[in-house]
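Let's take a friendly walk through a protein model together. Have the sequence and the 3D view at hand as you read.

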Amino acid sequence: NRLWVVLACLLVTVALSYFATTRLTLNASFEKMIPQSQPFIKNYLENRQSLRGLGNAVRVVVESSNGDIFDPHYLDALKEINDELFLTAGVDRAWVKSLWSPAVRWTEVTEEGFQGGPVMPDSYDGSAQSVQQLRQNIARSGIVGSLIGNNLKSSMIFVPLLEKDPVTGQGIDYHQFSKTLEEKLRNKYEFGGNVRVAGEEGKGPIKIRVIGFAKLVGDLIDGLMQVMLYFGVAALIATAIIFYFTRCVRSTTLVILCSVIAVVWQLGLVALFSFSLDPFSILVPFLVFAIGVSHGAQKMNGIMQDVGRGTHQLVAARYTF
């Protein structure tokens with residue numbers, strides 16, 4: 001029943017190709033990247049509703065190249081960046097922390113008891129007096145070394161992320177989130193230089209550094225085009241070596257085609273069962289292709305040896321099955 005088997009495989013390949021090209025998504029899950037059997041992680045997952053803002057988060061450091069954080073132009077830029085991040089989709093806005101967040105406060109003990117307030121004065125207007133008040137609030141808040149750099153030239157915006165987008169109900173698209181960070185922050189403030197700091201304009205005086213799981217995954221996804229290029233080069237090298245070994249176009253095409261079909265089946269099944277392709281496991285299709293080429297070459301070699309000994313072609317094929 002060779003014809004029926006080939007037709008069945010062809011139909012399955014077409015169907016899985018459709019799923020792989022239309023439904024396959026590339027994303028990652030923060031929870032899948034942490035050891036969920038570890039006692040501390042299990043405790044966190046059981047109480048994560050009470051520990052919001054302590055899991056998946058992005059940290060954005062805004063550094064002034066021409067002075068310190070007490071420059072009014074820097075503080076204006078920091079406020080704009082803080083507002084951009086606050087309004088970004090997927091951000092847990094209640095737990096965002098920066099100099100401009102009301103939740104970042106200072107406290108002190110006086111003769112009358114505890115006193116405190118937001119680090120950023122409510123009356124801040126960019127004047128020398130309000131900047132001095134900000135300097136005093138930072139000194140007694142104890143955030144130097146955490147939200148504020150030790151050299152007072154940079155500050156951090158802590159941006160916790162939600163598990164799912166509240167609008168779509170789907171997991172956060174880290175690729176889109178990373179692109180949004182680049183467009184809203186780096187291109188606009190760092191490279192564009194449209195925010196003036198310390199009296200200099202148009203020189204890109206703001207330096208922005210972003211770390212976090214979401215940014216890492218976004219950068220990995222951005223690099224997948226280069227990974228696919230490597231895949232294509234590897235396939236060409238494998239094709240050349242097999243052809244050099246077999247000196248047969250049909251045998252070479254058969255081995256490579258079957259290996260590519262195996263990759264298509266794998267990606268199609270991933271999409272069919274509504275899984276996402278993880279950037280950290282992007283090498284698995286390479287492994288499937290490599291194993292397919294290796295085993296295919298071995299099978300082809302066995303068939304050729306049996307045929308060379310006088311065995312009928314179909315019988316030789318059954319021997320290697």
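This report looks at a sheet, the helices packed on it, some salt bridges and two loop residues.

## A sheet of three strands

Keep in mind that this is a predicted model. Start with the sheet: it is open and has three strands, in the order E5-E2-E6, with antiparallel pairing. Strand E5 (154-160) and strand E6 (206-212) are the edge strands, and each has a single partner strand, so one side of each has no neighbour in the sheet. On average, neighbouring strands here are turned by 20° against each other, if direction is ignored.

Now look at the pairing of strand E2 (residues 57-64) with E6, which is antiparallel and runs over seven bridges. To find a spot in this pairing, look for Val 58, which stands opposite Gly 212 in E6.

## Helices on the sheet

Helix H3 (residues 72-86) lies across E2, E5 and E6, and its direction is at about 10° to E5. Helix H6 (residues 213-222) also packs on the sheet, where it touches E2 and E6. The direction of H6 makes about 95° with that of E6.

## Salt bridges in and between helices

Side chains with opposite charges can pair when their charged atoms come close. How many salt bridges does the count come to? The count is eight.

One of them joins Lys 79 and Asp 83, whose closest N and O atoms are 3.3 Å apart. Why are Lys 79 and Asp 83 separated by about one helical turn? Because they are four residues apart in helix H3. Lys 79 is partly exposed, at 35% relative accessibility, and Asp 83 is partly exposed too, at 33%.

Helix H3 also holds Glu 84, which forms a salt bridge with Lys 188; here the closest N and O atoms are 2.9 Å apart. This pair links distant parts of the chain, as Glu 84 is in helix H3 and Lys 188 is in helix H5 (residues 174-191), 104 residues apart. Is Glu 84 buried or exposed? Its relative accessible area is 18%, so Glu 84 counts as buried, since the cut-off for buried is under 20%. Lys 188, with 31%, is partly exposed.

## A network with four members

Stay with helix H5 to find the salt bridge between Glu 182 and Arg 186, with 3.1 Å between the closest N and O atoms. Both residues lie in H5, four residues apart, or about one turn of the helix. Glu 182 is partly exposed, with a relative accessible area of 23%, whereas Arg 186 counts as buried at 16%.

Which residues are linked in a network of salt bridges? They are Glu 182, Arg 186, Lys 215 and Asp 219.

## Two loop residues with positive phi

Finally, turn to two loops. Arg 247 has a phi near 55°, a positive value in a residue other than glycine. Arg 247 sits in the loop between helix H7 (224-246) and helix H8 (249-272). With 58% relative accessibility, Arg 247 is exposed, because exposed means over 50%.

Ser 274 has a positive phi as well, near 60°, and is likewise a residue other than glycine. You can find Ser 274 in the loop between H8 and strand E7 (276-277). Its relative accessible area is 60%, so Ser 274 is exposed.

Conventions: Residues numbered from 1 in each chain as written. Predicted model: local features only at pLDDT ≥ 70, side-chain atom pairs only at ≥ 80, totals over all residues. Heavy atoms only, no water. Buried < 20%, exposed > 50% of the residue type's maximum accessible area, 1.4 Å probe, protein only. Pairing = 2+ DSSP bridges. Axes fitted to C-alpha atoms, helices over the stretch in contact; angles between N-to-C directions. Contact = heavy atoms within 4.5 Å. Salt bridge = Lys/Arg side-chain N within 4 Å of Asp/Glu carboxyl O.
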